[in-house]
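This report describes how the strands of a predicted model pair with one another and which residues make up its nonpolar core. The sequence and structure are shown first, and the pairing of the strands is taken up directly after them.

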Amino acid sequence: MANRTTIEIYTRQKTLLHPLFGAGPAFCQQCQAEVTTLTPESAAGVLHLTGCAISSLIASGRLHAITTPANSLLICGASLLIAAGNNENNLD
Ligand SMILES: [Zn+2]
């Protein structure tokens, strides 16, 4: 009766919400349009880059970052497509 571990269950459920929220459209300030968004993890997978490389692409403005009301960071899908195209050109 003394041990109560219900807090752990709530923590696990919270982390599951992020990938679901990341799949929806959001307004990108830099595109001035509603765009498809990805989580930084998904963007890293699409571009075959690490999280660090994604951060520097955001810092250089090549990827657009969108902060949700829940304070999670999402990547603008339109900027991701441009960055993916540039990335392929650099590899040739
Ligand atoms: Zn954008």
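## Strand pairing

Strand 2 and strand 4 run antiparallel to each other and are paired over two bridges, and within this pairing Leu38 has Ile75 of strand 4 as its bridge partner. Strand 4 also pairs with strand 3, again in the antiparallel sense, here over three bridges, and Ile66 is bridged to Leu74 of strand 4.

Strand 3 and strand 4 together form a hairpin in which five residues lie between the two strands. One residue of that turn, Asn71, has a positive phi of about 70 degrees.

## The sheet as a whole

These pairings belong to an open sheet of four strands, which are arranged in the order 1-2-4-3 with antiparallel pairing. Strand 1, covering residues 25–28, and strand 3 stand at the edges and have a single partner strand each, so one side of each is left without a neighbour in the sheet. From one strand to the next, the twist averages 55 degrees.

## The chain around the sheet

Besides the four strands, the secondary structure of the chain includes four helices, and the elements follow one another along the sequence in the pattern α-β-β-α-α-β-β-α. Among the contacts in the chain with a separation of 6 or more, 49% join residues that are 24 or more positions apart. Of the 92 residues, 21% count as buried.

## The nonpolar core

In soluble globular proteins, nonpolar side chains tend to be buried together. In this model the largest nonpolar core has 14 residues, and those with the most contacts inside it are Leu38, Ala43, Leu63, Ile66, Ile75, Cys76 and Leu80. At least two residues of this core come from each of strand 2 (33–38), helix 3 (51–59), strand 3 (65–67), strand 4 (73–76) and helix 4 (77–91), and strand 4 gives the most, with three residues.

The core and the sheet share several residues: Leu38, Ile66 and Ile75 are among the core residues with the most contacts inside it, while Leu38 and Ile75 are bridge partners and Ile66 is bridged to Leu74.

## Contacts of Cys76

Which residues does Cys76 contact, leaving aside its neighbours within four places in sequence? They are Cys28, Gln30, Cys31, Val35, Thr37, Leu63, His64 and Ile66. Of these, Leu63 and Ile66 are also listed, together with Cys76, among the residues with the most contacts inside the core.

How values were computed. Residues are numbered from 1 along each chain as its sequence is written. This is a predicted model: local features need pLDDT of at least 70, side-chain atom pairs count only at pLDDT 80 or more; totals for chains, interfaces and linings use all residues. A nonpolar core is a set of buried Ala, Val, Leu, Ile, Met, Phe, Trp, Tyr and Cys residues joined through C-beta atoms within 7 Å. A residue is buried if 20 or more other C-beta atoms lie within 10 Å of its own, exposed if 12 or fewer, and partly exposed in between; C-beta atoms are placed from the backbone. Two residues are in contact if their C-beta atoms, placed from the backbone, lie within 7 Å. Two strands pair if DSSP finds at least two bridges between them. Axes are lines fitted to C-alpha atoms, for helices over the stretch in contact, and angles run from 0 to 180 degrees between N-to-C directions.
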